[in-house]
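Student: Could you take me through the enclosed empty spaces inside this protein, one at a time? I would like to know what surrounds them.

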Amino acid sequence: MTTDAHRTPYEQHVDGFGTVRIRPLDPAADADVVHAWVSEERAAFWGMTGLSRDQVAEIYAHMATLDTHHAHLVTKDGAPAALFQTYEPAADRVGECYEVRPGDLGVHVLLAPADPAGARPGWSAALLTALTAYALTALGRRRLVVDPDVRNAKAIARFVRQGFVPGPAVVLPEVDLPDVYLPEKHAQLAFLERG
């Protein structure tokens with residue numbers, strides 16, 4: 001279910017945090033930023049470490065052709081803050097692992113590296129609050145699903161603190177298509193319903 005909302009920039013001012021803007025990822029123009037993020041060891045669970053800048057750009061150029069999967073660059077006060085992907089669970093391998101409901105939306109989030117000045121208390125929570133508001137309200141969804149790797153305890157804990165309710169641990173099947181390869185993934189599903 002594609003809507004123009006996926007292609008329209010969204011902006012929200014978060015009191016005490018700043019202005020969060022979510023816009024469609026430009027695979028070519030944003031390749032340097034995204035490649036730098038996905039190449040870091042902390043992004044190992046994202047599955048792109050070891051890929052070249054051009055390979056990362058090609059993956060997101062392919063995603064931009066899909067009606068069911070969308071990539072967004074998130075900025076905070078104009079500075080890149082996160083890579084945010086949304087997808088239709090019924091058109092994704094996660095849909096084989098749980099009972100998809102009308103109004104479900106899958107999301108993946110990769111936060112920008114921490115500021116060189118150090119930890120940013122409350123930063124992740126404020127940013128995720130804006131992202132979930134966008135997905136549930138601007139995109140008109142009833143429930144979000146996340147599928148972090150079961151070994152990614154930090155991400156799982158972050159989603160639970162954000163209000164996601166853990167679901168089952170599942171095995172996402174391998175995907176081997178001409179344009180996409182994804183290895184099997186042991187994932188912890190978690191869900192956030194619109195209040």
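Tutor: Pro148, Ile156, Phe159, Val160, Pro166, Gln188 and Ala190 form the lining of the second largest cavity in this predicted model. That cavity has a volume of about 30 Å³. Helix 4 (153–161) and strand 10 (185–193) each bring at least two residues to its wall, and helix 4 has the largest share, with three residues. Sorted by class, the wall holds six nonpolar residues, one polar residue and no charged ones.

How many cavities of 30 Å³ or more does the structure hold? There are two. The largest has a volume of about 40 Å³, and its lining is made up of Phe84, Val107, Val109, Leu128, Leu131, Thr132, Leu144 and Phe159. Two elements, strand 5 (104–111) and helix 3 (123–138), give two or more residues each to this lining. Helix 3 gives the most, with three residues. By class, the lining of the largest cavity has seven nonpolar residues, one polar residue and no charged residues. Phe159 deserves a look on your screen: this residue lines the largest cavity and also the second largest one.

As for how such spaces are found, rolling a probe the size of a water molecule over the atoms shows where empty space is left. With that in mind, you can go back to the second largest cavity and pick out Gln188 among the residues that line it, then turn to the largest cavity and find Thr132 in its lining.

Notes:
Residues are numbered from 1 along each chain as its sequence is written. This is a predicted model: local features need pLDDT of at least 70, side-chain atom pairs count only at pLDDT 80 or more; totals for chains, interfaces and linings use all residues. Side-chain values use heavy atoms; hydrogens and water are left out. On a 1 Å grid over the protein atoms alone, a cavity is a set of points where a 1.4 Å probe fits but cannot get out, and a pocket is an open set with protein on both sides within 12 Å along at least five of seven lines; lining residues have an atom within 4 Å of a point. Grid points are joined across faces, edges and corners, and a volume is the space filled by probe spheres set on the points. Helices (H or I, at least four residues) and strands (E, at least two) are DSSP runs, numbered from the N terminus. Ala, Val, Leu, Ile, Met, Phe, Trp, Tyr, Cys and Pro count as nonpolar, Asp, Glu, Lys and Arg as charged, and the others, Gly among them, as polar.
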